[in-house]
Amino acid sequence: MKKSNNLIVGLDIGTTKTCAVVGEVNEGAVDIVGIGTCPSQGLRKGMVINVENTVNSIRKAVEEAGLMAGCEITSVYTGIAGGHIQGLNSQGMVTLKNGEVFDSDVKKVIESAKAVVTPWDREVIHVIPQEFIVDDQCGIQEPVGMSGVRLEAKVHIVTGTTTSAQNIYRCANRSGLDVADLILQPLASSEATLTPDERELGVVLVDIGGGTTDIAIFHGGSIKYTSVLPIGGNHITHDIAIGLRTPIKEAEKIKKQYGCAYSSLINNDETIKVPDIGERKPKSLLRRTLGDIIMPRAEEILNLVKLEIAKSGYSDFITSGLVMTGGSVVLEGIPELAEDIFNLPVRRGCPMDIGGLKDVVNSPVYATGVGLVLWGNKNHSSNGTRIPGTTIVTRTINWIKGWFEEIF
Ligand SMILES: Nc1ncnc2c1ncn2[C@@H]1O[C@H](COP(=O)(O)OP(=O)(O)OP(=O)(O)O)[C@@H](O)[C@H]1O
Ligand SMILES: [Mg+2]
C-alpha cells in the first residue's frame, strides 16, 4: 500500500454537522483535495452526548472526504469545544546555567509555566507560548541562542474536562481513526481566517456555530484569551419555531432563506410564506416579524461575547476589531448588528491561504475544518517529515490502480 506523507485531515465534529477536510501539502502550501459533511446528531452545545450517533456522522463525513480525495483516512486532527473549556495565562522561569538559551531551557521554562494546579477531572489541551523574556528583554518569540542568565515564558493554557476529551477520542477511535492532535475549535478557526496583521494589532475571533459561540482574542501576535459559550444558532432556530408556531425543521429553512439579524435592513412591506403547525396552508407574514424574532436573540449572543471581551481585560487592545465566522454568521445583518454593538470594525471570516477546492470551502461554515488542516500543517517538523504520531492518510487509489495493473 502506497503511503503519502503530505496529506492532512481535519475533522470538525460540530453540534449541527460533522465535516472532514483533506488537505494536500506541497512545499508548505495547502491544497484542499477532499471534503465530506454529514449532519451531527450526537452532540449538544458542542459536547458528545451520544457516541453511536456521533460515530455514524464521523464515518459518513470521513468516507465522503476520502472518496473525493482518493485516499483512506486513518488519522485526523480534530477539535474540542463546549462550555467546560477554560483558558488562563501563566508564567514560568528558569535560570540559564550556560549563559545561553538552549532548546532544553525552552522546554523546561514551558513545563514550569504549565505547573499550575489542574483539578483531577480536567486535562490540559494546549500550552501556547505567548512570549519569552530573556533577562529583562520582553517580546521574544524565538529565544534559542540568546545570551542571558534568566529565561521567562508567558503561556496561554487551555483546559477541558477529561471526560469530554475522552468522548471525542472514543468516537474517533470507534470510527477507525487515530487522533493526531486535539485542538480547541476557536484556535483552529482562527488559523483559517485571521491575518498576521490582525493578530499583531489585536483581534477577536468569534465563531458562532449551532450550539456554541467560540471566542479567541489575539494581541501582539499571540493568543491572550479563549472561551466557549454554550449558545449558538440553534437558539435562534428554536425562537423562530416557537414565535411562528412552525416545526423546527421549517424554522431552520425559514431562517436560512429569509432570516435577517438587523431589522432596519428589511423592507417594511416584504412578506414571506411559512408553514403553520397543524395547518394545511402556509401563512403569509411580514419578513420584519421574522427579523423581530431573530434580532433580540442575535443581540443576546453578541452581548455575551461583549461581556467576555470585557472579562478578558483586552477591550482596549483590539484595534482590528472582530472577525466573525461559523455557520450562524452567514445570516444577513450579523456584521451590521455586531458593528453597532461593539463599535468596532467587523468582517466575516472565510478560510484563507489555501488552494485546490477553495471555492467549495469558501464559507464561514468550513473555518474550523480547514483550520484544523492548517494547524496540522503548522505542526509539521521543519524538514518536511511529520512529528511522530501525526502521519495521516494512506493513498489507496494509486495502490488499487497498481494492484489491478499487476494482475491484469
Ligand atoms: N445561510 C444561513 N443563514 C443563517 N444561518 C445559517 C446559515 N447556514 C448555516 N446557518 C446556521 O449555522 C449554524 C451551524 O453552524 P456551524 O456549521 O458552524 O455549526 P457547528 O460547527 O455544527 O456547531 P458548533 O460549532 O456550535 O458545535 C446552524 O445554527 C445553522 O442554522
Ligand atoms: Mg463549529
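Good morning. I begin with β9, which supplies the largest share of the lining of the second largest pocket, 5 residues. Please keep in mind throughout that the model on the screen is a predicted one.

Let me stay with that pocket for a moment. The second largest pocket encloses about 830 Å³ of space. Its lining is made up of 22 residues, and those closest to its centre are I128, P129, W375, K378 and N379. Besides β9 (122–134), the elements that each supply at least two residues of this lining are β12 (178–184), α4 (185–193), β15 (222–229) and α10 (367–378). Sorted by class, the lining of the second largest pocket has 10 nonpolar, 8 polar and 4 charged residues.

I now turn to the largest pocket. Its volume is about 1100 Å³. There are 42 residues in its lining, and T16, G210, N234, E252 and K256 are the closest to the centre. Which elements each supply at least two residues of this lining? They are β1 (7–13), β3 (29–39), α6 and α7. Of these, α7 provides the largest share, with 6 residues. In terms of class, the lining of the largest pocket divides into 11 nonpolar, 21 polar and 10 charged residues.

Where does ligand 1 sit? The ligand is in the largest pocket. Two elements give two or more residues to the shell around ligand 1, namely α6 (233–244) and α7 (248–258). Here α7 again deserves mention, as this helix gives the most to the shell, with 3 residues. The shell holds 20 residues, among which T15, T16, E252, K255 and G327 come nearest to ligand 1. By class, 3 residues of the shell are nonpolar, 13 are polar and 4 are charged.

Let us next consider individual contacts with oxygen atoms of ligand 1. In the side chain of T16, an N or O atom is 2.6 Å from an oxygen atom of the ligand. For K17, a polar side-chain atom lies 2.9 Å from an oxygen atom of ligand 1. G210 takes part through its backbone, where an N or O atom lies 3.0 Å from an oxygen atom of ligand 1. As for coverage, ligand 1 taken alone exposes 650 Å², and the protein buries 91% of that area.

Two residues link these descriptions. T16 is among the residues closest to the centre of the largest pocket, and T16 is also one of those that come nearest to ligand 1. E252 likewise appears among the residues closest to the pocket centre and among those nearest to the ligand.

Thank you for your attention.

Methods: Residues numbered from 1 in each chain as written. Chains lettered and ligands numbered in written order. Predicted model: local features only at pLDDT ≥ 70, side-chain atom pairs only at ≥ 80, totals over all residues. Heavy atoms only, no water. Near = heavy atom within 4 Å. Polar contact = N/O pair within 3.5 Å; in protein donor to acceptor, adjacent residues only side chain to side chain. Areas by Shrake-Rupley, 256 points an atom, 1.4 Å probe, with all protein chains shown as cover. 1 Å grid on protein atoms, 1.4 Å probe; cavity = no way out; pocket = protein on both sides within 12 Å on 5 of 7 lines; lining within 4 Å. Sits in = over half its atoms within 2 Å of the grid points. Helix = DSSP H or I, 4+ residues; strand = E, 2+ residues; numbered from the N terminus. Nonpolar A, V, L, I, M, F, W, Y, C, P; charged D, E, K, R; others polar. Points joined across faces, edges and corners; volume = space filled by probe spheres on them.
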